[in-house]
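Subject: Structure for you to look at

Hello,

I am passing on the structure we spoke about, with notes on its salt bridges below. Please read them with the model open.

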Amino acid sequence: MSTIIYPSPIFGPVHSRRLGISLGINLMPADGKICTFNCIYCECGLNEDYRPSLPRPTRELVAEQLEAKLQAMAAEGQLPDVLTFAGNGEPTCHPHFAEIIDDTIALRDQYCPKAKVSVLSNATMIHRQAVHEALMRVDNNIQKLDTVDPLYINKVDQPVIPYDVNRIIDSLKAFKGHVIIQTMFMRGEKERRREGEKEKLRADERSSGISVDNTSEQYVAPWLEAVKEIKPQQVMIYTIDRETPTQGLLKATHDQLDQIRDRVIAAGIPCTASY
Ligand code: SF4
């Protein structure tokens with residue numbers, strides 16, 4: 001299994017399938033992962049396998065290292081297209097997320113005013129006023145909504161805090177269109193890993209493998225209704241791209257992604273698919 005724990009607080013630049021040349025900002029410790037989800041497809045691995053011992057970077061360290069990196073990139077004549085908050089976990093969990101966004105916007109304006117500021121988030125903290133307001137100030141507010149089915153969320157995203165999908169949808173609506181929805185579609189079955197997991201499954205899954213397929217109508221139709229309610233500026237659908245910490249997961253097919261993308265576009269919402 002190959003997973004990635006990113007340097008902190010700055011990494012890259014890297015080429016992102018969805019965002020272009022991207023300089024990464026990682027608000028998590030450099031030696032592990034902290035996330036309010038524990039997605040079975042997470043490229044950083046499962047939370048329990050990568051518990052950090054170092055603290056999160058401070059607001060001051062993030063600003064200092066971001067400025068140094070932008071100065072070095074400017075000297076080389078290669079500035080980023082996007083400054084992306086991502087890395088080893090959920091960026092909005094950082095206690096100074098809002099202030100760090102302000103610092104980053106100020107540095108972007110000074111060194112690379114054409115670059116966009118993007119945040120990749122799992123939406124679990126967007127009910128917090130300061131987080132909501134900070135996300136309203138970034139260019140690309142990219143929020144995860146893999147499904148609206150609570151059972152699927154429990155077995156695939158595996159929230160480690162209470163998660164109410166209807167509350168999340170209400171908070172996504174509160175962005176009033178200043179939001180991009182990102183959704184992972186995949187197929188396959190996952191291994192059972194935890195004691196007690198059986199109780200959360202449907203009866204037909206207790207004896208066979210645990211299906212993680214969210215490409216069928218049972219999942220796509222209600223997800224699409226929620227997307228229409230949220231009225232995002234864009235939807236990004238994608239599938240597994242790298243090795244995953246959980247065995248048995250399969251990519252959604254080109255055709256499946258294209259069909260879902262076309263349904264979103266038919267609803268009047270721009271949508272891209274990454275294969
Ligand atoms: S939300 Fe992102 S960082 Fe967190 S577990 Fe899922 S894929 Fe990993």
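A salt bridge here is a side-chain nitrogen of Lys or Arg within 4 Å of a carboxyl oxygen of Asp or Glu. The model is predicted. R263 and E217 form one such salt bridge, with their closest N and O atoms 2.8 Å apart. This pair links distant parts of the chain, since R263 sits in helix 8 (residues 254–266) and E217 in helix 7 (residues 217–230), 46 residues apart. R263 is partly exposed, at 31% relative accessible area, and E217 is partly exposed at 46%.

By the rule above, the count comes to 11 salt bridges. Another of them joins the side chains of R242 and E43, at 2.0 Å from N to O. R242 lies in the loop between strand 9 (234–238) and strand 10 (249–251), and E43 in the loop between strand 2 (20–25) and helix 1 (59–75), so the pair ties together parts that are 199 residues apart in sequence. R242 has a relative accessibility of 44% and counts as partly exposed; E43, with 24%, is partly exposed too.

Helix 8 also holds a salt bridge between the side chains of D258 and R261, where N and O are 3.4 Å apart. D258 and R261 are three residues apart in helix 8, so about one helical turn separates them. R261 is partly exposed, with a relative accessible area of 22%.

Finally, R108, D109 and D139 are joined into one network by salt bridges that share partners.

Regards

Technical notes:
Residues are numbered from 1 along each chain as its sequence is written. This is a predicted model: local features need pLDDT of at least 70, side-chain atom pairs count only at pLDDT 80 or more; totals for chains, interfaces and linings use all residues. Side-chain values use heavy atoms; hydrogens and water are left out. Helices (H or I, at least four residues) and strands (E, at least two) are DSSP runs, numbered from the N terminus. Buried means under 20% relative accessible area, exposed over 50%, partly exposed in between (1.4 Å probe, protein chains only).
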